[in-house]
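Colleague: Could you walk me through one part of this model in detail? I'd like to hear about the sheet and the charged pairs around it.

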Amino acid sequence: VTTNIPPPAMSTASICVLALTAASAGAFSAGRPATALARASATRRVHSSPSLQMNIFNQLMGAGYAEPCVMGDESIMSEKAHGTSDVPVQESLRWNCDRETADRICNFNRHYAEYAGYWDGATSFLKEEGPESGEITFYDSNTGKPLFVAPRGRSWEDFVRESKAHGWPSFRDEETIWDDVRVLPNGEAVSLAGTHLGHNLPDGKGNRYCINLVSVAGKPQQ
């Protein structure tokens, strides 16, 4: 007698984790929906990383992301004088970042991003910075307030390698200046001034903030 035994059913929690991981990855890639490849990749990440499962499951349950991530709410991104911010981006941005692109992404956008690889292919970032730069401070392109410092707790090579692998500058918790950075329940990373920065896409190492370079290419406040 041949019996067709159905595969074991995924738990509701596993399905939720898989769906959110795939959706988050797709949301950051120029707003395109998650593809089959992204879903397969998400499956591999979920099954190989229990800490990632727990991080995203906690978010689904309303517990937010793992500390020291500081959560915020939608009021931060309310309509203001210039989109979600009070001011436009600075006139001259660092690393030859395009101002029009920056203003659109920072102030009139919640889900889209500069294209993958923009930071190392279309800007002068890797030409101007290197191991000799030490810890680089990244400033809000609108306000000039410090938001990230990198590399911290790892080498320059590690920072660049991870950022290239994901397509955007990727920061960790200890590289984030929580005085002015918040993460919303849907994973969107923003500044307290209302600047859209990117998204938190946790991996097996913990929180990973994939950030648009155009959003953190400001010059420090005078």
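Modeller: Here is a walk through the sheet first and the salt bridges after that.

Bear in mind that this is a predicted model, where local features need pLDDT of at least 70, side-chain atom pairs count only at pLDDT 80 or more, and totals for chains, interfaces and linings use all residues. Residues are numbered from 1 along each chain as its sequence is written, and side-chain values use heavy atoms, with hydrogens and water left out.

The sheet is an open one, made of five strands in the order β3-β7-β6-β5-β4 with antiparallel pairing. Its edges are β3 (170–171) and β4 (181–183); each has a single partner strand, so one side of each has no neighbour in the sheet. Strands here are DSSP runs of E with at least two residues, helices are runs of H or I with at least four, and both are numbered from the N terminus. Two strands pair if DSSP finds at least two bridges between them. For β4 and β5 (residues 188–191), running antiparallel, there are three bridges, and Val181 has Ser191 in β5 as its bridge partner.

Now the charges. A salt bridge means a side-chain nitrogen of Lys or Arg within 4 Å of a carboxyl oxygen of Asp or Glu, and by this rule you get 11 of them.

Take the loop between β3 and β4, which holds Asp180. Asp180 pairs with Lys145, with 4.0 Å between the closest N and O atoms. Lys145 sits in the loop between β1 (136–139) and β2 (146–150), so the pair ties together parts 35 residues apart in sequence. Asp180 counts as buried at 16% relative accessibility, while Lys145, at 32%, is partly exposed (buried is under 20% relative accessible area, exposed over 50%, partly exposed in between, using a 1.4 Å probe and protein chains only).

Glu175 makes a salt bridge to Arg154, the closest N and O atoms being 2.7 Å apart. Glu175 is also in the loop between β3 and β4, whereas Arg154 lies in the loop between β2 and α7 (156–166), 21 residues apart. With 1% relative accessibility, Glu175 counts as buried. Through shared partners, salt bridges join Arg154, Glu162, Arg172, Glu175, Asp203 and Arg208 into one network.

One more pair is Arg110 with Glu74, where the closest N and O atoms are 3.0 Å apart. Arg110 is in the loop between α4 (99–107) and α5 (118–121) and Glu74 in the loop between α3 (50–60) and α4, so this pair ties together parts 36 residues apart in sequence. Arg110 is partly exposed at 21% relative accessibility, and Glu74 is partly exposed at 45%.
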